[in-house]
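Reader: Before I take the labels in this description on trust, I would like to see the reasoning behind them. Could you show me the chain and its ligand?

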Amino acid sequence: MSTVYASVVALVAVRATLAFLPAHILSSPPIAVLNALSTIVGCALILSAALYLFNTLRCKIGLRNFGKRRDGKALQPPPIPYAIPWIGNSPSFLSTKPHHFWSTLFEWYPRAVGACSIVLGGRMANVLFSPVAIQHVIQDRTLGREEFNIDVVVNGLGISKEECERFYGYNTPVKEGEHPPHHEQDKINVDYLLKAEKVNELTAEFIKILKERISDQFTDRSANHEIELYKWLRTLMFDASTISLLGSKVLEVCPDLEHLFFQFDQDMLSLFFGLPGWLVSKAVSNREKAVSQLANWHKVVRDQIGTKVPDPNGMSWEPLYGSRVNRARQIFYEKRGVSIRGRAALDLGMIFGISSNAIPATNWLLMYVLESARPERQKPGERSLYSFIMDEIKASQNENGTLNISILINQPILLSALHEVLRLYVDVLVGRTITQDMALALGAHSTSKSGAPSEPTQSIQLNSGTLLMVPSYPAHTNPDVWQSVYPHHPQPDVFYPYRFLTSSPHDTTTKPVFSTAHTTGSYFPFGGGKTMCPGRNFAKQEILGALAVVLLTFEFEFIGYVDAKGNTTDKFPGLRDTLPGSAVMAASGDFKLKVKRRD
Ligand code: HEM
Ligand SMILES: *[C@@H]1O[C@H](CO)[C@@H](O)[C@H](O)[C@H]1NC(C)=O
Ligand SMILES: *[C@@H]1O[C@H](CO)[C@@H](O)[C@H](O)[C@H]1NC(C)=O
Ligand SMILES: *[C@@H]1O[C@H](CO)[C@@H](O)[C@H](O)[C@H]1NC(C)=O
């Protein structure tokens with residue numbers, strides 16, 4: 001806004017000065033150019049102001065109609081005002097201040113309307129807040145996400161349009177009795193990444209590597225070991241999840257992969273949103289560094305075994321390509337004629353799924369658990385989150401000390417705390433493309449506790465060719481939902497580990513049960529429907545497994561918080577700046593801890 005004011009003031013000053021200049025100076029070439037320029041800029045400013053006023057009026061009228069219409073006619077979602085055509089709401093939407101767009105929007109826009117529309121890079125996007133509508137969209141399996149997939153692969157991963165088409169086959173006619181390639185990819189995920197027995201195999205491999213990696217850490221008991229939690233955890237989990245999914249060869253060929261990946265991860269979204277090249281040159285160069293390393297891995301493996309990828313139905317893990325799911329993917333790339341560079345880029349996408357979410361999620365969970373164990377946080381007569389969770393972890397151990405993962409991932413307090421981390425720290429924009437006109441019910445504007453409809457259902461009109469966007473942040477923090485279910489819970493912007501329990505664990509008369517009842521359409525950290533995260537089952541086991549192994553092996557003593565620059569601070573880490581839609585958000589700081597091995 002201040003740039004707008006500054007340019008208006010500058011323009012007025014220029015025009016005022018020009019008005020006092022005599023005619024012969026005005027006609028001199030530089031002054032004439034300045035005169036013409038200021039006229040053009042002035043006209044542009046007047047036009048944008050007029051457009052902004054016009055859009056504000058449209059929004060006001062839209063909002064009035066939403067309160068009034070009772071005849072069941074579907075209405076366009078009210079448009080959020082903007083000043084420049086095509087660019088639309090992008091400047092505010094693409095702010096890197098976490099949740100900036102939504103928090104400024106709800107300062108004036110009534111959330112209870114259930115929807116709005118925005119313009120991003122020339123496209124209109126219908127945005128949903130209503131749990132009823134969100135639930136409907138997530139369940140509707142006819143709504144796809146082709147365009148978003150293409151954006152991720154072409155803009156984000158730098159694969160050519162032609163190769164992307166070869167990979168997904170969106171526009172290629174399918175032969176009788178055959179499935180389009182993207183179905184085949186979904187099937188690979190279902191068969192090798194979602195099924196319980198495969199997830200258990202992956203988890204076992206992950207835990208095995210994690211234990212190997214920590215077996216020789218901090219063994220000197222007389223020494224004083226200090227760590228920064230996230231820095232330490234990131235390497236540990238990156239190695240264990242990369243090796244369990246992609247094999248050990250990849251880290252031998254690319255020892256620098258963790259560093260390169262997280263550099264890419266920081267700016268990946270600026271590529272996805274298709275910002276102009278000069279703005280994203282750093283992101284492109286980071287991506288290319290990571291891709292070329294991964295391409296080296298493919299070349300090395302190829303020199304060893306040619307194109308014969310080990311059978312995904314053979315052994316559960318092997319060093320060259322790792323897990324069954326990765327071998328099935330590699331065979332699929334081969335079948336689709338994907339180039340080495342293309343494979344490396346798609347693998348980078350896979351690493352993105354694996355590493356950019358589960359690692360920060362584990363970090364948030366560990367930070368809150370360790371925070372609760374600090375002596376100065378203890379309340380008389382009240383047990384800490386740490387003590388509850390240690391009990392649950394110990395109850396999941398076999399007699400010989402190994403973990404029984406299926407018991408671990410059903411512990412109510414661990415589950416509740418994990419879901420609370422994902423509620424508060426996941427930022428996803430579930431996207432869908434509207435391919436034919438449709439009306440979508442927003443549900444009644446009911447605010448009554450009983451949930452009884454107090455007004456007839458309002459519908460919105462969605463036009464073919466527009467986008468549909470379901471942002472998680474407004475839904476995950478909607479006070480109407482999260483406070484109406486359990487009115488005694490803290491506000492939804494606060495981390496409350498027991499939010500998903502039927503009763504507080506401090507209440508010793510009842511056993512708390514984990515439950516996500518009443519959160520339909522208001523909680524979707526893994527996206528939803530057809531495009532829901534295929535790694536969700538593994539992610540839960542990986543996060544809770546890593547937490548349990550770390551807490552069973554080490555004892556931590558809190559030293560202090562550090563900020564993004566590594567300086568000590570007295571603030572619990574906040575959110576790192578990032579574009580919207582980054583899935584699990586990273587912390588802006590870290591915990592400094594003293595570590596000791598347990599006996
Ligand atoms: C807490 C951890 C995780 C969260 C919150 C998360 C979240 C998500 C979300 C929101 C999407 C997009 C879904 C949509 O648009 O509807 C996604 C996609 C994906 N995730 Fe995850 N994810 C996590 C962990 C993982 C893990 C551990 C893996 C791999 C083992 C994984 C693999 C993928 C893949 C491959 C996709 C792309 C699917 C496609 O486009 O077909 N994710 N994830
Ligand atoms: C530990 O015990 C479990 C179950 O009792 C068993 O499945 C596992 O193989 C044992 N592991 C070791 C290392 O002894
Ligand atoms: C884990 O515990 C469950 C329930 O007690 C049991 O059925 C299962 O066999 C155990 N798994 C292992 C690997 O010990
Ligand atoms: C933070 O640390 C850097 C060096 O690491 C130092 O230059 C800077 O002054 C510190 N900032 C504060 C606020 O202490």
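Author: What follows takes several labels in turn and sets each value against its cut-off; the model is a predicted one.

Reader: What makes Cys-533 a donor of the iron atom of ligand 1?

Author: Donors are N, O and S atoms within 2.8 Å of the metal, and SG of Cys-533 lies at 2.2 Å from the iron atom, so this atom qualifies, and Cys-533 is the only protein donor there. Cys-533 itself sits in the loop between α22 (479–485) and α23 (536–553).

Reader: Why is the approach of Arg-145 to ligand 1 called a polar contact?

Author: The limit for a pair of N or O atoms is 3.5 Å, and a side-chain N or O atom of Arg-145 is 2.5 Å from an oxygen atom of the ligand, therefore the pair counts. A polar side-chain atom of Asn-357, which lies 3.4 Å from a nitrogen atom of ligand 1, also falls within that limit.

Reader: Why is the pair of Phe-218 and Trp-232 called tilted?

Author: Their centres are 6.1 Å apart, within the 6.5 Å limit, and their planes make 45 degrees, which is neither under 30 nor over 60, so the pair is tilted. Phe-218 lies in the loop between α10 (196–215) and β3 (225–228) and Trp-232 in helix α11 (residues 229–246), so the pair ties together parts 14 residues apart in sequence.

Reader: Why is Phe-272 called buried, and Phe-273 partly exposed?

Author: Buried means under 20% relative accessible area and exposed over 50%; Phe-272, at 16%, is therefore buried, whereas Phe-273, at 24%, falls in between and so counts as partly exposed.

Conventions
Residues are numbered from 1 along each chain as its sequence is written. Chains are lettered from A and ligands numbered from 1 in the order in which they are written. This is a predicted model: local features need pLDDT of at least 70, side-chain atom pairs count only at pLDDT 80 or more; totals for chains, interfaces and linings use all residues. Side-chain values use heavy atoms; hydrogens and water are left out. Donors are N, O and S atoms within 2.8 Å of the metal (3.2 Å for Na, K and Ca); water is not among the atoms, so sites may look incomplete. Helices (H or I, at least four residues) and strands (E, at least two) are DSSP runs, numbered from the N terminus. A polar contact is a pair of N or O atoms within 3.5 Å; within protein, one must be able to donate a hydrogen and the other to accept it, and residues adjacent in sequence count only if both atoms are side-chain atoms. Rings of Phe, Tyr and Trp (its six-membered ring) pair if their centres lie within 6.5 Å; planes under 30 degrees apart count as stacked, over 60 as edge-to-face and the rest as tilted. Buried means under 20% relative accessible area, exposed over 50%, partly exposed in between (1.4 Å probe, protein chains only).
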